[in-house]
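With the model open in your viewer, follow the stops below in order, selecting the residues as they are named.

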Amino acid sequence: MILSKRFVSALAATACTALLATAGVAAAAPAEPALSLTPVGTNATGIFDASAAEIPAFDPSTNQLFVVNAQSGAVDVMTLDVSGAPTYSSTLSAEGRTAADGSTVVEGAVVNSVSVARGVLAVAVQHADKVQHGWTLFFRTSDLGYLGGVRVGSLPDGLKFSPNGKYVVVANEGEPADDFSTDPEGTISVISAPSNANQYQRLSQASVRTVDFRAFDEGTPLPEGVRVYGPDVKVPEGHEKAGRIARNLEPEYVTITADGNTAFVSLQEANSIAVVDLKSATLSNIWALGYVDWSVDGKLDASDRDDAINMQHWPVKGVLMPDGIATYKHRGTNLIVTANEGDAREWGDFVDGDRLSKKQFVLCDAEFPNAKDLKKNENLGRYNVISDLGFDAERGCYSELYSYGGRGFSIFTADGERLFNSGDMVEQAIYDLVQAGELPESAFNANHNNQHSGDTRSDDKGAEPEDVQIGAIQGRTYAFLGLERIGGVMVFDITDPTAPTYVTYANNRDFSVVYEDMPEAAAAGDLGSEGMVFIPASESPSKTPLLVVANEVSGTTTVWEISLKR
């Protein structure tokens with residue numbers, strides 16, 4: 001969408017006044033934050049909108065930064081200098097590496113994730129045919145020597161070393177084929193890692209134990225709220241049999257407790273968390289994340305056709321569906337923080353949602369007496385809602401509406417009790433910065449590959465939180481929330497997990513630069529925050545805390561220095 005003069009003027013005047021009335025707040029310049037982020041250096045691949053910078057990992061023993069370059073199917077290696085600035089040094093390829101089962105990483109394989117511990121880099125590699133089994137490869141960080149690899153499940157998407165380095169946990173997403181002709185099961189691999197790089201000759205396929213979800217197809221009750229939906233298709237040829245539930249649950253992202261005993265794995269589309277005991281490599285729990293009720297829990301702008309910022313309560317429930325998750329300890333208790341991105345399934349002819357204005361969404365009169373007005377484009381007509389939730393089969397209409405994502409973050413206990421949900425804090429903070437003149441009007445609910453895209457994400461998932469990292473600094477705990485669409489990082493103080501507070505927002509995207517491709521896009525700065533890693537002062541080459549952000553659209557990796565007022 002190209003912003004019209006009408007839209008810009010509405011943002012500058014009428015729309016902003018309307019928002020103040022609906023939000024019940026007064027516009028004021030944000031107070032100078034106690035914590036600030038300053039970019040100290042950027043590595044640019046020169047590749048635009050091709051996922052050339054996705055997931056970073058840092059090795060404090062060599063001051064090396066490893067960043068997934070999915071465009072090249074490899075890992076870019078950088079060195080951080082004493083200021084923390086990155087300098088590219090080499091590229092580490094996965095293709096042609098032989099694993100313990102005798103298989104070889106094929107041409108066209110895709111690197112999805114990296115993690116570092118004990119001087120070893122672990123790399124998750126997806127088969128060129130994504131429904132086939134992938135690999136986890138290991139390299140020595142000191143000289144980048146190949147140590148060996150093992151076979152894991154279909155589409156290994158995220159992986160993580162346990163803090164003690166004893167295990168590598170791999171989330172094998174098991175996405176269906178692009179035409180939805182087959183669907184592999186989602187699994188979690190628990191790899192027993194040797195104690196140091198010199199012992200990786202012991203690595204064998206027996207080092208891999210697989211956690212699956214087949215028990216739920218064999219009579220174990222599936223916990224309430226765990227979402228299972230879509231076509232029931234066969235597994236790919238050569239795969240072991242697996243039921244519909246086992247194929248439907250798709251592990252996405254891994255976080256592991258500080259003691260190295262428990263992994264939490266996001267099942268994004270199922271809106272759930274799987275809990276894995278690492279010693280026994282067994283599924284110990286699975287719990288649903290629930291929803292954010294936008295009729296009472298917060299306000300949002302739900303239309304890209306209203307020519308205004310218009311945050312209101314709407315009769316819709318956001319399905320959290322986190323991508324990145326993180327864990328930290330509060331008063332001896334493990335807590336999980338979720339970045340509530342949201343995600344639709346669109347494979348072949350199957351699409352699990354559409355705009356509310358479509359004829360398929362017949363709204364029940366009792367719950368939606370104003371259905372005709374709701375379906376107008378300037379209201380909820382353009383809003384993307386989920387088709388398999390909220391339908392009352394007996395009445396033949398939708399009694400509830402559900403949408404993708406929660407537009408923020410949540411905090412849960414280890415057994416799934418929600419302690420906090422951010423509601424509209426992210427969207428409200430961006431609006432406040434627009435009002436204060438610190439962001440242009442075109443930044444509100446903007447997209448990541450078009451500068452003139454203000455309001456275009458209002459009908460979908462807003463700023464789209466993608467990843468979250470936790471950092472402890474001078475006795476306080478902070479959540480760094482990466483925002484995929486507008487870009488940048490929003491910071492919250494989560495020292496009290498029941499009452500987090502907004503701290504600051506950092507984004508070095510230049511909204512004044514017009515671009516379509518490289519090299520023009522390079523001048524716009526970072527676009528499309530994807531993965532992050534927090535480096536504490538004790539491990540930082542600059543002796544100050546750092547945050548590394550990989551940006552998939554701009555293909556850039558930026559290192560930010562974190563400063564606190566004293």
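**A strand pair and its turn**

Begin by selecting T327, which stands opposite I336 in β21. Bear in mind throughout that this is a predicted model. Widen the selection to β20 and β21, which pair in the antiparallel sense over six bridges and form a hairpin with two residues between them. In that turn, R331 has a positive phi of about 50 degrees. If you display the surface, β20 should appear mostly covered, as five of its six residues are buried.

**The largest nonpolar core**

Next, select I430, L439, L483, I486 and I494, which touch the most other members of the 32-residue largest nonpolar core. At least two residues of this core come from each of β20 (325-330), β21 (333-339), β29 (409-413), α6 (425-435), β31 (465-473), β32 (476-483) and β33 (489-493), and the largest share, six residues, is supplied by α6. Centre the view on L483 and, leaving aside its neighbours within four places in sequence, look for its contacts, which include V426, I430, A463, M490 and Y505. A second, separate core holds 27 residues, among them Y253, V275, L380 and V385.

**Aromatic pairs**

Now show the aromatic rings, among which 14 pairs are counted. F138 and F161 form an edge-to-face pair, with 6.4 Å from centre to centre and 65 degrees between the planes. The pair links distant parts of the chain, since F138 belongs to strand β8 (residues 133-140) and F161 to strand β10 (residues 156-161), 23 residues apart. F138 is buried, with a relative accessible area of 0%, and F161 also counts as buried, at 6%.

Move on to F492 and Y502, whose ring centres are 6.0 Å apart and whose planes stand at 70 degrees, so this pair is edge-to-face. F492 counts as buried at 0% relative accessibility, whereas Y502, at 30%, counts as partly exposed. Adding F409 and F420 to the selection completes one aromatic cluster with F492 and Y502.

**An open sheet and two charged ends**

Turn to the open sheet of four strands, ordered β2-β3-β4-β5 with antiparallel pairing. Its edges are β2 (56-59) and β5 (86-93), each with a single partner strand, so one side of each is left without a neighbour in the sheet. Seven bridges join β4 (residues 74-80) to β5, and in β5 the bridge partner of D76 is T91.

Finish with R97, whose charged end sits over the ring of Y146, 5.3 Å from its centre, and with R227, whose charged end sits over the ring of Y229, 3.6 Å from its centre.

Technical notes. Residues numbered from 1 in each chain as written. Predicted model: local features only at pLDDT ≥ 70, side-chain atom pairs only at ≥ 80, totals over all residues. Heavy atoms only, no water. Core = buried A, V, L, I, M, F, W, Y, C linked by side-chain atoms within 4.5 Å. Buried < 20%, exposed > 50% of the residue type's maximum accessible area, 1.4 Å probe, protein only. Contact = heavy atoms within 4.5 Å. Pairing = 2+ DSSP bridges. Phe/Tyr/Trp six-rings, centres within 6.5 Å; stacked < 30°, edge-to-face > 60°. Lys NZ or Arg CZ within 6 Å of the ring centre and 35° of its normal.
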